[in-house]
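Student: I have a model open and would like to go through its terms one at a time. Could you set each value against its definition?

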Amino acid sequence: MTSPSELTNQPVQTVRIDSHKLGYVVKTGQKILDSVSFSADNGSLIGIVGPNGAGKTTLLRLLGGLIKPAEGHVLYNGQSVHQFHAGTYARLCSYMHQDTVMPFDFSVRDVVMMGRHPYLGALSAYSDKDYRLADHCMTLAGCLADADKRVTALSGGERQRVMFARVLSQDTPMVLLDEPTSSLDIRHANKTFRILRQLADDGKLVITVMHDLRAAAKYCHQVFLMVHGQLVAAGDPEDVLHEGHISYAFGIKAKTFRNPMGNWDFDTDDVSVEPDFMDTHS
Amino acid sequence: MKYDRRISRQTADQLPALHSNGHHSWLRLILSGGSLLLVSIVIAVALGSVHIKPATIIQVVADRIGFAVSEPDAADRTIVLLIRMPRVIAAVLAGAGLAVSGTVMQGIFRNPLAEPGILGVSAGASFGALLAIAGGLSSFFTLPIFAFTGAMLAVSLIIGVAFSAGHQSKAVTLIMSGLAISALFSALTSLTLMMSNEYQVSSYIFWTMGGLANRRWEHVLAMLAPVLIALTVIFIKARDLDILLLGDEEAKALGVSPNTTRLAMIILASVCTGSIVAVTGPIGFVGLIIPHIMRLIVGPSHRILSIASAFAGAVFLLFCDLLTRLIAWPTGAELSVGIVTALIGAPYFLYLLFRSARKGGGLL
């Protein structure tokens with residue numbers, strides 16, 4: 001599989017993200033994120049997993065500089081994310097939101113081309129290279145056939161593939177994704193994870209929020225497990241996703257095993273370990 | 001697997017470069033729109049109670065600029081330069097400015113129903129105009145100044161309220177404070193109307209219908225800078241507007257600051273609209289339907305859309321105003337241009353909506 005980076009002049013860039021005692025509090029006073037610290041380097045695909053409301057998206061938004069932390073800081077190669085000019089950071093870090101809806105009838109290609117915006121001067125137009133890169137990203141994301149369709153006419157899954165192509169076309173050393181496969185069928189979801197893995201193997205730092213634990217075990221270099229605003233475990237997927245962690249995080253008894261394909265797998269008990277687990281903690 | 005192989009064969013280098021860079025399309029649009037506008041201006045200046053030959057118009061204009069070919073007739077000269085030309089150019093500027101401001105407001109609020117006066121400009125200008133009328137100050141030049149001041153006061157209040165609530169310009173906050181401040185100004189207007197005499201009330205009502213009759217070069221000059229600045233900045237920042245449509249956080253991740261962009265665009269569009277409304281009174285429909293129609297024709301991309309809207313708005317208002325003059329000629333009474341824009345605009349708008357609904361698109 002060819003990677004998006006093959007089409008650009010961008011060499012592999014070193015990225016080191018340091019999150020130091022990161023905290024985030026919403027207006028009601030509720031602490032969404034509590035003292036999250038970690039470091040990550042390029043060449044790695046990191047999956048953030050955890051129950052709903054654990055603070056996964058908040059952590060991702062902080063890394064992307066979309067919100068300001070209440071405590072602590074995020075460093076990109078040693079520099080605080082908030083000290084970057086927005087236009088500069090857009091060339092270092094791209095972000096795919098859970099669901100992006102376009103109100104007007106842009107074509108799919110127009111939307112994917114928007115990923116090239118950070119590289120352009122105000123009056124300059126997209127170059128042939130930008131168009132070729134966008135076409136390539138659409139091929140990877142599986143939406144080239146839709147290139148000339150209106151983005152408003154697409155289904156949720158198709159739109160998600162378009163937004164994935166847009167993030168790919170931004171071609172940044174760090175890529176952040178919030179559940180990029182939530183609306184995709186198995187084939188497209190697997191393909192998306194394979195591409196993310198390829199990006200990481202090619203030297204980018206890819207961090208994605210995800211719910212599919214099997215995919216996390218199969219594709220990620222590292223898994224971060226978050227529960228109630230805290231980073232509970234981080235490291236090798238199969239070490240992080242052990243039975244005790246799954247039970248603690250999701251409140252269900254789980255059994256892990258190796259499936260006939262030789263991959264990590266798990267199944268869960270129907271009965272909750274602690275039925276009111278979520279309530280007692282929130 | 002078959003599918004995968006097909007895709008891997010189709011590498012990016014083999015894909016044809018379908019898109020030459022975008023400069024050509026907007027240059028072509030400027031050239032064709034510009035010629036259409038020039039022809040329209042000549043037609044509009046030529047027609048009226050006294051018909052003037054296009055050749056005479058060119059002769060008069062050439063003489064004025066300094067290319068004296070032969071001395072034009074003094075009466076023709078007066079009609080072209082002092083009566084028709086300022087009115088026609090005022091229509092061109094007002095039409096272009098309203099349409100482009102409407103385009104911007106629809107983009108900023110991600111809503112095709114937004115119009116240029118959405119943030120209090122209309123309500124504020126109306127109150128200002130009424131104060132001038134009721135205060136006996138409604139001369140040719142004080143009324144526009146009062147109306148413009150009223151518009152800017154209303155817009156600043158709305159922006160101030162929206163930004164003091166959380167230091168950001170969320171679209172909903174802006175629209176809500178816009179509604180509230182507009183209602184406040186409407187109430188003040190009604191209150192002032194109750195205390196005005198019959199003559200003042202009727203001249204206020206006449207003002208609210210919008211018109212271009214008897215506009216002079218001074219009026220044109222008053223609109224010129226705001227409209228040209230708005231057009232230029234919006235043209236340069238068009239792609240930021242496109243990206244803002246993805247959503248605030250999406251825009252931020254692409255290096256476009258949503259709050260700064262929105263604030264700058266709102267101020268531009270409001271100053272532009274305010275200066276127009278001050279000169280012409282409120283003219284409805286141009287700022288609402290022209291961007292909408294142009295979006296159906298040239299697509300939603302703001303660089304092309306703003307150019308297309310500017311030309312279409314200019315030509316549309318020019319011909320609507322021409323119609324008011326032509327209808328006025330035999331009957332003696334002159335229609336307000338706002339009536340004509342609505343009478344032509346509303347049915348055409350409905351036709352477009354139903355056509356797009358029949359094609360399977362939504363109503364909007």
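**Strands, helices and the contact of two chains**

Tutor: β4(A) pairs with strand β5 (residues 79-80) of chain A in the antiparallel sense, over two bridges. This is a predicted model, in which local features need pLDDT of at least 70, side-chain atom pairs count only at pLDDT 80 or more, and totals for chains, interfaces and linings use all residues. Residues are numbered from 1 along each chain as its sequence is written, while chains are lettered from A and ligands numbered from 1 in the order in which they are written.

Student: Why do β4(A) and β5(A) count as paired?

Tutor: Two strands pair if DSSP finds at least two bridges between them, and β4(A) and β5(A) have two bridges, so they pair. Strands are DSSP runs of E with at least two residues, and helices are runs of H or I with at least four, both numbered from the N terminus. In β5(A), A:S80 is the bridge partner of A:L75. The hairpin of these strands has two residues between them, and A:N77 there takes a positive phi near 50 degrees.

Student: What does β4(A) do with strand β1 of chain A?

Tutor: Strand β1 (residues 16-25) of chain A and β4(A) (residues 71-76) are antiparallel, with five bridges. A:L75 in β4(A) stands opposite A:D18.

Student: What makes β6 and β10 of chain A edge strands?

Tutor: Each of them pairs on one side only. The open sheet has six strands, in the order β6-β7-β8-β3-β9-β10 (chain A), with mixed pairing. Within this sheet, β6(A) runs parallel to strand β7 (residues 174-178) of chain A, and four bridges join them. A:M96 has A:L177 in β7(A) as its bridge partner.

Student: Which helix lies across β6 and β7 of chain A, and at what angle to β6(A)?

Tutor: Helix α5 (residues 156-170) of chain A does, running at about 180 degrees to β6(A). Angles run from 0 to 180 degrees between N-to-C directions, and axes are lines fitted to C-alpha atoms, for helices over the stretch in contact. Helix α9 (residues 243-250) of chain A lies across β9 and β10 of chain A, at about 35 degrees to β9(A).

Student: How do you know that chain A is as compact as a globular protein of its length?

Tutor: Chain A has 10 helices and 12 strands. Its radius of gyration, taken over C-alpha atoms, is 19 Å. The globule rule, 2.2 Å times the number of residues to the power 0.38, gives 19 Å for 282 residues, so chain A is as compact as a globular protein of that length.

Student: What makes a residue buried, and what percentage of chain A is buried?

Tutor: A residue is buried if 20 or more other C-beta atoms, placed from the backbone, lie within 10 Å of its own. Buried residues are 47% of the 282 in chain A. In chain B, they are 47% of 364 residues. Chain B has 15 helices and zero strands.

Student: How many residues does each chain give to the contact?

Tutor: Chain A gives 32 residues and chain B gives 30, a contact being two C-beta atoms, placed from the backbone, within 7 Å. On the side of chain A, α4(A) gives the most, seven residues.

Definitions and conventions
A residue is buried if 20 or more other C-beta atoms lie within 10 Å of its own, exposed if 12 or fewer, and partly exposed in between; C-beta atoms are placed from the backbone.
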